[in-house]
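Visitor: I would like to learn how to read the side-chain and helix contacts in a model. Could you walk me through them?

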Amino acid sequence: MYLFNFGVHYIKSLLHLLFKIITLDLSKFQQEFLTYKEAQNLTKEPKNLYQPISYILNLGGKKIRPVLTLMSASLFTDDYKKALPAAYAVEMFHNFTLVHDDIMDDAPLRRGKQTVHEKWDINTGILSGDAMLILAYQYFENYPPIIFQKLAKLFSKTAIEVCDGQQLDVDFETRNDVSIEEYIKMISLKTSVLIGAALKMGAIVSESSEKDAEILYDFGLNLGIAFQLQDDYLDTYGNPETFGKQVGGDIIENKKTYLYLKALELASSEDKKILNNFYQSKLKDSNEKITLVKKVFDRYQIPTYMKAQITNYSQKAFVVLEDINISEGAKKGLLEFGKALMTRNV
């Protein structure tokens with residue numbers, strides 16, 4: 001399934017670009033967060049509840065979302081470390097989704113290691129995941145009432161949206177009438193809203209204006225959509241030597257991405273039949289399937305439409321930054337980061 005861990009390559013690439021392009025020293029934020037994480041006490045009873053939590057939190061990863069929270073806070077205050085509890089809540093929530101996602105997928109591995117339900121059992125995975133969601137909320141208690149209320153409200157909204165997106169993605173697997181608008185909504189809910197929320201939480205903690213906090217949220221939301229669309233494009237048209245995963249994987253797995261949905265919208269009856277036949281089966285010869293589906297995409301210039309959408313959502317992200325009240329250097333860094341999405345050629 002393509003559930004809570006939707007766009008793992010997208011997230012890794014996102015942070016890689018962010019580290020390379022933005023003028024802020026994000027490696028500093030990453031280290032600050034890791035130090036804070038290690039100081040949290042999860043070695044308590046009952047062990048079978050808390051050991052799995054500690055285990056999943058220590059499986060690695062670049063800690064993208066908490067880094068974005070700290071980075072966002074630093075745009076408005078020198079005391080960005082006060083955003084650490086909020087950043088930890090974001091990371092705790094993200095890993096909660098991974099634990100439950102692995103159960104739903106019956107996945108044996110996560111980052112090359114046993115998944116929680118495989119290492120312990122399904123009941124432990126469910127309960128430990130539930131505890132992580134509650135623990136995430138508890139970290140907001142480190143803040144004054146007004147800040148707590150704003151964080152909790154945003155967190156609740158984001159959490160239910162991620163669940164909404166997950167259900168849409170599950171539904172899409174068996175639906176043959178998915179629209180492009182529904183697909184954009186799904187990737188927004190499943191991936192982008194948490195990126196936007198991570199940025200907005202940093203702004204809330206640093207007591208920025210509501211306007212600036214909302215601008216960062218919209219920036220993250222639109223840029224997240226643009227990047228996921230770019231990732232979908234590269235899955236089919238990227239360089240297999242540099243993309244980081246199998247090119248054509250979405251076609252093999254019959255995923256109803258923008259490429260497929262736009263092709264259905266424009267294709268002739270004959271080509272629609274070809275696409276439908278391919279996307280209702282899994283062939284032994286995957287290379288032939290990829291080649292023939294791409295020919296249909298190319299016939300209707302689907303890559304051109306896709307690039308236009310990537311540009312569209314990137315521009316939406318750029319436009320909202322025009323009114324944000326931060327230094328020109330920081331604003332330039334955010335803009336350069338966004339522009340890199342439009343020229344990524346892996």
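Guide: Let us go through ring pairs, charges over rings, helix packing and a loop residue in turn. Keep in mind that this is a predicted model.

Visitor: Let me start with the rings. How many aromatic pairs does the structure hold?

Guide: There are 12 aromatic pairs here. Take Y36 and Y88: their ring centres are 5.9 Å apart and their planes make an angle of 75°, an edge-to-face pair. In sequence the two are 52 residues apart, with Y36 in helix α2 (residues 26-38) and Y88 in helix α5 (residues 84-105), and the pair thus links distant parts of the chain. Both Y36 and Y88 are buried.

Visitor: Where in the chain do Y55 and W120 lie?

Guide: Y55 belongs to helix α3 (residues 47-57), while W120 is in the loop between α6 (116-119) and α7 (122-138), 65 residues apart. Their rings form an edge-to-face pair, 5.5 Å centre to centre with 75° between the planes.

Visitor: Why does Y55 count as buried, and why does W120 count as partly exposed?

Guide: The cut-off for buried is under 20% relative accessible area, with partly exposed running from there up to 50%. Y55 has 18%, so it is buried. W120 has 22%, so it counts as partly exposed.

Visitor: Which residues do ring pairs link into a cluster?

Guide: That cluster consists of F93, F96, Y137, F140 and F155.

Visitor: And charges over rings: which ring does the charged end of K119 sit over?

Guide: The ring of W120, with the charged end 5.7 Å from the ring centre. K200 offers another case, lying over the face of Y217 at 5.8 Å from the ring centre.

Visitor: Now the helices. What describes two packed helices?

Guide: The angle between their axes and the distance between those axes. For α2 and helix α4 (residues 64-74), the angle is about 120° and the axes are 9 Å apart. The crossing of α2 past α4 is right-handed. On the α2 side the contact is made by L26, F29, Q30 and F33, and on the α4 side by P66, V67, L70, M71 and S74. By class, this contact has seven nonpolar residues, two polar and no charged ones.

Visitor: One last residue: is G112 buried or exposed?

Guide: G112 is exposed, because its relative accessible area is 60% and the cut-off is over 50%. G112 lies in the loop between β1 (109-110) and β2 (113-114). From L59, G112 is 53 residues away in sequence and 8.7 Å away in space, C-alpha to C-alpha.

Note on methods: Residues numbered from 1 in each chain as written. Predicted model: local features only at pLDDT ≥ 70, side-chain atom pairs only at ≥ 80, totals over all residues. Heavy atoms only, no water. Phe/Tyr/Trp six-rings, centres within 6.5 Å; stacked < 30°, edge-to-face > 60°. Helix = DSSP H or I, 4+ residues; strand = E, 2+ residues; numbered from the N terminus. Buried < 20%, exposed > 50% of the residue type's maximum accessible area, 1.4 Å probe, protein only. Lys NZ or Arg CZ within 6 Å of the ring centre and 35° of its normal. Axes fitted to C-alpha atoms, helices over the stretch in contact; angles between N-to-C directions. Left-handed = near helix turned anticlockwise from the far one by under 90°. Contact = heavy atoms within 4.5 Å. Nonpolar A, V, L, I, M, F, W, Y, C, P; charged D, E, K, R; others polar.
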